[in-house]
Amino acid sequence: MTVGMINANPVVHERPERAAHHAHAAAAALDALDVFDTVRDIKDPEHPYSLEQLSVLSQESVSVDEKLGHIQITFTPTVQHCSMATVIGLCLRLKLMQNFPSHFKIDIKVAPGSLANEESVNKQLNDKERVAAALENPNLRQLVDDCLCSDHSSSY
Amino acid sequence: MDGRGGAVELRETHRLTGHADRAWALAWNPNLGAGASPVLASCGGDKTVRIWKRAPDGGWQCTDVLEDTHNRTVRSCAWSPDGKLLATASFDATTAIWEYSGGDFECVATLEGHENEVKSASWSQSGSLLATCSRDKAVWIWEMQPGNEYECVAVLQGHTQDVKMVQWHPILDILVSVSYDNTIKVWADDGNDEWHCVQTLTEADNCGHSSTVWSISFNQKGNRMVTCSDDCTLKIWDTSIDLSQPETGEGHESWQHVSTLTGYHGRTIFSAHWSSGDFIASGAGDDAICLFVEEKSSMVEGPSYRLILKKEKAHDMDINSVRWCPQDPRVLASASDDGTVKLWELRGNILA
């Protein structure tokens with residue numbers, strides 16, 4: 001990025017190694033850890049670190065209700081005025097759409113109190129028409145794809 | 001079987017497949033030749049419009065695919081009142097006008113002016129005016145001129161966020177727009193070709209919606225409308241508009257909330273449509289279709305509406321559009337994120 005960074009000096013955490021959980025369970029119900037494993041290595045839009053390394057996401061960010069077919073992710077932008085929050089939200093949604101059955105209902109929100117314009121960002125992140133239009137925007141799509149591509153644990 | 005009051009049933013009769021992405025919207029042709037079969041247009045994320053017709057054997061087939069004109073999602077479509085023109089609104093910021101002639105649909109005009117995604121288009125009852133709306137927060141009114149020319153006669157500013165849908169009144173030249181800003185706006189001509197917002201229905205002042213309003217539909221008489229929202233409710237509005245005085249502009253600002261239908265859908269309600277038989281259908285992000293009718297017996301406390309049927313899992317994914325067939329008020333079409341369009345038949349003695 002050539003413009004000034006939103007957060008030039010983020011705190012970076014180590015990526016904890018985690019034993020692959022229930023490797024036997026191809027047919028097992030989807031759980032929060034499956035979802036977390038899918039999104040943890042998405043790259044931050046402005047840093048060469050993953051969302052997990054920047055503590056934007058943790059395992060606690062994800063909740064899954066398999067019976068209702070519902071996935072909810074609550075992420076925490078690194079700064080209160082993070083204009084990248086909508087891009088991060090798009091990345092999360094696209095990654096989930098690419099990796100989980102299409103009937104799952106997905107809600108993506110920022111953690112309460114983590115963002116100055118929390119309500120308006122949450123509304124935008126969950127308006128599927130705005131999401132569809134954003135993903136058709138070539139520049140925005142490139143930015144999102146870059147965040148997903150550098151994701152080394154990617155399954156595609 | 002719903003179990004509520006006997007054998008009311010919404011039966012799936014046909015499943016129309018062909019869209020390669022989500023199906024966003026539907027439009028039944030309102031004006032066919034005598035004896036002609038119903039015609040349905042659908043559009044979607046695959047940038048195409050599909051025309052569906054009932055074959056003599058009762059099956060449905062896609063007779064035309066309108067493509068290579070829009071280069072992004074086709075968000076919605078609308079037939080002119082005479083059934084001869086189809087307007088298509090696209091995320092590519094244009095609205096295309098298609099004419100059926102010589103056995104083919106031909107794009108005869110492309111309306112440019114909106115800054116970004118066009119989300120909806122609606123023809124006035126006379127067919128001389130077309131309204132469009134966009135994420136650019138504006139509503140445009142276009143007047144049809146000879147030779148497939150369209151002149152913009154008004155740019156209506158007033159919404160503070162993107163405008164999701166526009167709909168003309170079925171009898172009068174009154175336009176209603178609904179928005180991501182949670183409001184419903186009523187627009188009218190002051191008699192001197194100047195268009196103004198004559199009423200804004202908000203949560204605070206009018207018992208309006210608390211989140212994005214996605215859709216609006218009038219009843220056939222034009223004295224009521226239904227709106228639906230991301231707040232998971234439908235709202236019924238009533239007016240004292242004097243329909244016998246179409247030119248006076250009297251009473252245009254008179255819409256009042258009469259009823260809120262809540263607790264029926266678990267996620268965003270994307271579409272609501274009022275049939276000529278006075279049934280209201282709703283389709284939502286919970287994959288369900290609900291049908292409502294007015295409760296005629298409880299006029300003591302004013303008009304109220306009751307659920308007559310909820311069809312769970314009507315589609316595999318979100319339902320984006322529900323539309324009653326004008327020629328057969330028991331036939332409903334629905335369009336979904338699952339890419340399919342379904343036709344349904346309402347069966348049973350509903351008013352018993």
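Student: What makes residues of chain B count as in contact with chain A in this predicted model?

Tutor: The criterion is that the C-beta atoms of two residues, placed from the backbone, lie within 7 Å. By this criterion, 11 residues of chain B are in contact with seven residues of chain A. The side of chain B that touches chain A comprises three nonpolar, four polar and four charged residues.

Student: How do you know that the span of helix α2 of chain A agrees with what is expected?

Tutor: Helix α2 (residues 85-99) of chain A has 15 residues, and at 1.5 Å a residue it should span 21 Å. Its end C-alpha atoms are 21 Å apart, so the two values agree.

Student: Why are certain residues of α2(A) called buried, and which are they?

Tutor: A residue is called buried because 20 or more other C-beta atoms lie within 10 Å of its own. In α2(A), the buried residues are A85(A), I88(A), G89(A), L90(A), C91(A), L92(A), R93(A) and K95(A). Their cover includes α1 (32-39), β2 (70-75), β3 (105-110), α3 (118-125), α4 (128-136) and α5 (138-149) of chain A.

Student: What makes β14 and β17 of chain B edge strands?

Tutor: In chain B, four strands form an open, antiparallel sheet in the order β14-β15-β16-β17. β14 (163-168) and β17 (195-201) of chain B each have a single partner strand, so one side of each lacks a neighbour in the sheet. Neighbouring strands of this sheet are turned by 25° against each other on average, direction ignored.

Student: How do you know that β15 and β16 of chain B pair?

Tutor: Pairing requires at least two bridges. Strand β15 (residues 174-179) and strand β16 (residues 184-189) of chain B have five bridges in the antiparallel sense, so they count as paired. Within this pair, I174(B) stands opposite A188(B) in β16(B).

Note on methods. Residues numbered from 1 in each chain as written. Chains lettered and ligands numbered in written order. Predicted model: local features only at pLDDT ≥ 70, side-chain atom pairs only at ≥ 80, totals over all residues. Nonpolar A, V, L, I, M, F, W, Y, C, P; charged D, E, K, R; others polar. Helix = DSSP H or I, 4+ residues; strand = E, 2+ residues; numbered from the N terminus. Expected span 1.5 Å × (residues − 1). Buried ≥ 20, exposed ≤ 12 C-beta atoms within 10 Å, placed from the backbone. Axes fitted to C-alpha atoms, helices over the stretch in contact; angles between N-to-C directions.
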